Amino acid sequence: MTHHVAEIVTFKLAAGVTDADFVALSQQTETFVREQSGFIARWLTKGEDGSWTDYVIWADMAAAKSVAALFPAQPFFGAMMEALDPETTKMRHEEVLWRMSA
């Protein structure tokens, strides 16, 4: 059985980058992400401690890894990476084994 895959990126913003700046940068990725085969959903969250999480749900691991490989070639990639504190940035892919929604 093939499971959906959660791409989970956690990070803090680089010095001088505002929340509004980063949300605007993230919105520049929308067309690219929506057009990718296997895209299901995405959420961008910020915790009280200033840590951010970008959750993307993909149909399967192949879709998640394929898009991850294409992402660095996109025109918005450089600005996105400059907005992140590299010491805090971590990305992982996990199988979704159970879910619940309203």
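Okay, let's start with a single residue: E30 is partly exposed, with a relative accessible area of 37%. Before I go on, keep in mind that this is a predicted model. Now, what does E30 pair up with? E30 forms a salt bridge with R34, and the closest N and O atoms are 2.7 Å apart. Both residues sit in helix α2, and because they are 4 residues apart there, about one helical turn separates them. R34 itself is exposed, at a relative accessible area of 56%. As a general point, side chains of opposite charge can pair when their charged atoms come close.

So how many salt bridges does the count come to? There are 4 salt bridges by the rule used here. Let me show you two others.

One of them joins K46 and D19, with the closest N and O atoms 2.8 Å apart. That pair links distant parts of the chain, since K46 is in strand β2 and D19 is in helix α1, 27 residues apart. On the surface side of things, K46 is partly exposed with a relative accessible area of 43%, and D19 is partly exposed as well, at 35%.

The other is R92 with E94, where the closest N and O atoms are 2.4 Å apart. R92 counts as partly exposed at 40% relative accessibility, and E94 is partly exposed too, with a relative accessible area of 33%.

Okay, on to pockets. I'll come back to E30 and R34 here, as they turn up again. The second largest pocket has a volume of about 240 Å³. Its lining is made up of V23, S26, Q27, E30, V33, R34, F39, R42, W43, L44 and D54. If you want to find that on the model, look for α1 (19–27), α2 (30–35) and β2 (39–46), the elements that each give two or more residues to this lining. Which of the elements gives the most? That's β2, with 4 residues. Sorted by class, the lining has 5 nonpolar, 2 polar and 4 charged residues.

One residue in that lining deserves a closer look, and that's D54. You'll find D54 in strand β3. Is D54 buried or exposed? D54 is buried: its relative accessible area is 9%, and the cut-off for buried is under 20%. So what does the side chain of D54 make a polar contact with? The partner is the side chain of R42, at 2.7 Å, and R42 is in the lining of the second largest pocket as well. Leaving out residues up to four places away in sequence, D54 touches E7, I8, V9, F11, R42, W43 and L44.

Two names in that contact list, E7 and V9, take us to the largest pocket. Its volume is about 360 Å³. The lining has 19 residues, and E7, V9, F71, M81 and M91 are the ones nearest the pocket's centre. Four elements each supply at least two residues of this lining: β1 (5–11), β3 (52–58), α3 (61–70) and α4 (77–82). As for the class of those residues, we have 15 nonpolar, 1 polar and 3 charged.

Now a couple of buried residues to finish the tour. T29 is in the loop between α1 and α2. Its relative accessible area is 0%, so T29 is buried. And what does T29 touch? Not counting residues up to four places away in sequence, T29 touches R42, F71, F76 and M80. R42 you've met already, as the polar contact partner of D54, and F71 is one of the residues nearest the centre of the largest pocket.

The last one is W58, in strand β3. At 1% relative accessibility, W58 counts as buried. The contact list for W58 has H4, V5, E7, V33, Q36, S37, G38, F39, I40, A63, A64 and V67, again without residues up to four places away in sequence. In that list, E7 is a residue that D54 touches as well, while V33 and F39 are in the lining of the second largest pocket. If you'd like a distance to check on screen, try W58 and M80: they are 22 residues apart along the chain, and their C-alpha atoms are separated by 21 Å.

That's the tour, thanks for listening.

Conventions: Residues are numbered from 1 along each chain as its sequence is written. This is a predicted model: local features need pLDDT of at least 70, side-chain atom pairs count only at pLDDT 80 or more; totals for chains, interfaces and linings use all residues. Side-chain values use heavy atoms; hydrogens and water are left out. On a 1 Å grid over the protein atoms alone, a cavity is a set of points where a 1.4 Å probe fits but cannot get out, and a pocket is an open set with protein on both sides within 12 Å along at least five of seven lines; lining residues have an atom within 4 Å of a point. Grid points are joined across faces, edges and corners, and a volume is the space filled by probe spheres set on the points. Ala, Val, Leu, Ile, Met, Phe, Trp, Tyr, Cys and Pro count as nonpolar, Asp, Glu, Lys and Arg as charged, and the others, Gly among them, as polar. Buried means under 20% relative accessible area, exposed over 50%, partly exposed in between (1.4 Å probe, protein chains only). A polar contact is a pair of N or O atoms within 3.5 Å; within protein, one must be able to donate a hydrogen and the other to accept it, and residues adjacent in sequence count only if both atoms are side-chain atoms. Contact means heavy atoms within 4.5 Å. A salt bridge is a side-chain nitrogen of Lys or Arg within 4 Å of a carboxyl oxygen of Asp or Glu.
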